[in-house]
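Let's walk through this structure together, one region at a time. Have the sequence and the 3D view open side by side as you read.

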Amino acid sequence: MTLNDLGFDPWFEAHAGALEQADRAVARVSAVDRGAYMVRDEHKEVPAEPAGKLYFRADSPVDLPCVGDWVSVQYHSDNTAAVIHDLFPRRTFLRRKCAGANVDYQMIAANIDTAFIVQSCRFDFNPRRMERYLVMAADGGVAPIIVLTKTDLIAEEELAQQLAVVQQTAPAVPVIALSNVTGTGFDQFQQVLRPGRTYGLLGSSGVGKTTLINRLIGRDTFKTKGVSATCEGTHTTSRRQLIALDQGALMIDTPGMRELGLLGADEGVAQGFEDILVLAQDCRYADCTHVREPGCAVRAAVESG
């Protein structure tokens, strides 16, 4: 395996010069789990920790490494561990508002070419949540593809209705409907994957993200669970990790998100909610908050369905 196989293309090569030092090497962050890191290069994958100066320079958690980042590292202990000294610029990213009252970002992953926004047809189909994921992808410059899973659990008529809703919600976004049980749609999903390209799986717990990865690699390598008795997803994946697939593509699996807050995603919102922006132009007041003001075109549209 080479660095190019891991996604190190000319864009990143152009930024390598400023970080080059004799005792440093280029690696990619392959896993993040509660502050613990793994990095991977063309030869090995080892545990790593950020250098103290990296913490000192960080103004927020966004400035610390996340899965998918390219980093400059120094190996030690006979090349069985590493220290992360610098981050390469991020070409794309996925981030959300930190859970709770904190007004800050949490990085989900970096340098992803395509994000698969995964929803289950049976329990999780939610167009509004889908829109928020689309905004997240647009905010970070990531191309989205919508994936509807568990098609074997609903009738063909219901699937057709859901596909129509997706088409109405995001007419320009490709959609794949599949079943991990029957294999329907799986070939179409595989045809999207390209060697050296990085893909990310986004979605709630229990929608089948990890099951999809297990099917891609042909064995149950990663632990999965069924949905709960209340039809809600249950958390199984606890860390963000980059997985090299046999066909050469790279897949980043992420834990299911219970909260999906957006912060300062103006460009992503503009792309994800064009209909709202058009309606807002007809509001009586230019600074309308669409809450209580009279003559609000957005609230009128909601009330009329």
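Arg34 sits in the loop that links strand E1 (25-33) to strand E2 (36-40). In this predicted model, the phi of Arg34 is near 55°, a positive value in a residue other than glycine. That is worth a pause, because most residues other than glycine have a negative phi. Arg34 has a relative accessibility of 71%, so it counts as exposed.

You can find a second case further along the chain. Ser77 belongs to the loop between strand E4 (70-76) and strand E5 (81-87), and its phi is also positive, near 55°. Ser77 has a relative accessible area of 47%, which makes it partly exposed.

Now step back for the overall picture. The protein chain has 9 helices and 13 strands. It is 305 residues long, and 48% of them count as buried. If you take the contacts with a separation of 6 or more, 65% are between residues 24 or more positions apart.

Where do the nonpolar residues gather? The largest nonpolar core has 49 residues, and the members that touch the most others are Val39, Val71, Ile84 and Leu94. The element that gives the most to this core is helix H3 (residues 127-139), with 5 residues. Apart from this core lies another one, of 20 residues, and its members include Val147, Phe186, Leu193 and Ile243. Val39 is a good residue to click on in the largest core. Setting aside neighbours within four places in sequence, Val39 is in contact with Val71, Ala82 and Ile84, among others. Its contacts also include Ala27, Arg28, Val29 and Ser30, as well as Lys44, Glu45, Val46 and Ala48.

Helix H3 also has a helix partner to look at. The axes of H3 and helix H4 (residues 156-169) come within 11 Å and cross at roughly 40°, and the two helices are therefore oblique to each other. Their crossing is right-handed. At the meeting point, H3 offers Pro127, Arg128, Met130 and Glu131, while H4 offers Val165, Val166 and Thr169. Sorted by class, this contact has 4 nonpolar, 1 polar and 2 charged residues.

Next, follow the chain back to strand E7 (105-110) and the loop between E7 and E8, where Asp113 lies. Is this aspartate buried or exposed? Asp113 has a relative accessible area of 16%, so it is buried. Beyond its neighbours within four places in sequence, Asp113 is in contact with Arg91, Val142, Ala143, Arg197 and Thr198. Strand E7 itself contains Tyr105, which counts as buried because its relative accessibility is 15%. The C-alpha atoms of Tyr105 and Arg95 are separated by 6.4 Å, with their positions 10 residues apart along the chain.

Helix H6 (residues 209-217) is a good place to see how a helix can be enclosed: 7 of its 9 residues are buried, so the rest of the structure largely encloses it. Those buried residues are Lys209, Thr210, Leu212, Ile213, Asn214, Leu216 and Ile217. What covers them? Among the elements over the buried residues of H6 are helix H5 (186-192) and four strands: E8 (114-120), E11 (198-202), E12 (240-244) and E13 (250-253).

Just after H6 comes Gly218, with a positive phi of about 80°. From Gly218 you can jump across to Asp246: the two are 28 residues apart along the chain, and their C-alpha atoms are separated by 9.5 Å. Asp246 lies in the loop between E12 and E13, and at 67% relative accessibility it counts as exposed.

Finish the walk at helix H9 (residues 297-303), where you will find Ala300. Ala300 counts as partly exposed, at 41% relative accessibility. Look also for Leu279, which is 21 residues from Ala300 in sequence and 9.5 Å from it in space, C-alpha to C-alpha.

Notes:
Residues are numbered from 1 along each chain as its sequence is written. This is a predicted model: local features need pLDDT of at least 70, side-chain atom pairs count only at pLDDT 80 or more; totals for chains, interfaces and linings use all residues. Side-chain values use heavy atoms; hydrogens and water are left out. Buried means under 20% relative accessible area, exposed over 50%, partly exposed in between (1.4 Å probe, protein chains only). Contact means heavy atoms within 4.5 Å. A nonpolar core is a set of buried Ala, Val, Leu, Ile, Met, Phe, Trp, Tyr and Cys residues joined through side-chain atoms within 4.5 Å. Axes are lines fitted to C-alpha atoms, for helices over the stretch in contact, and angles run from 0 to 180 degrees between N-to-C directions. Angles under 35 degrees count as roughly parallel, over 145 as roughly antiparallel, 65 to 115 as roughly perpendicular and the rest as oblique. A crossing is left-handed if the near helix is turned anticlockwise from the far one by less than a right angle, and right-handed if clockwise. Ala, Val, Leu, Ile, Met, Phe, Trp, Tyr, Cys and Pro count as nonpolar, Asp, Glu, Lys and Arg as charged, and the others, Gly among them, as polar.
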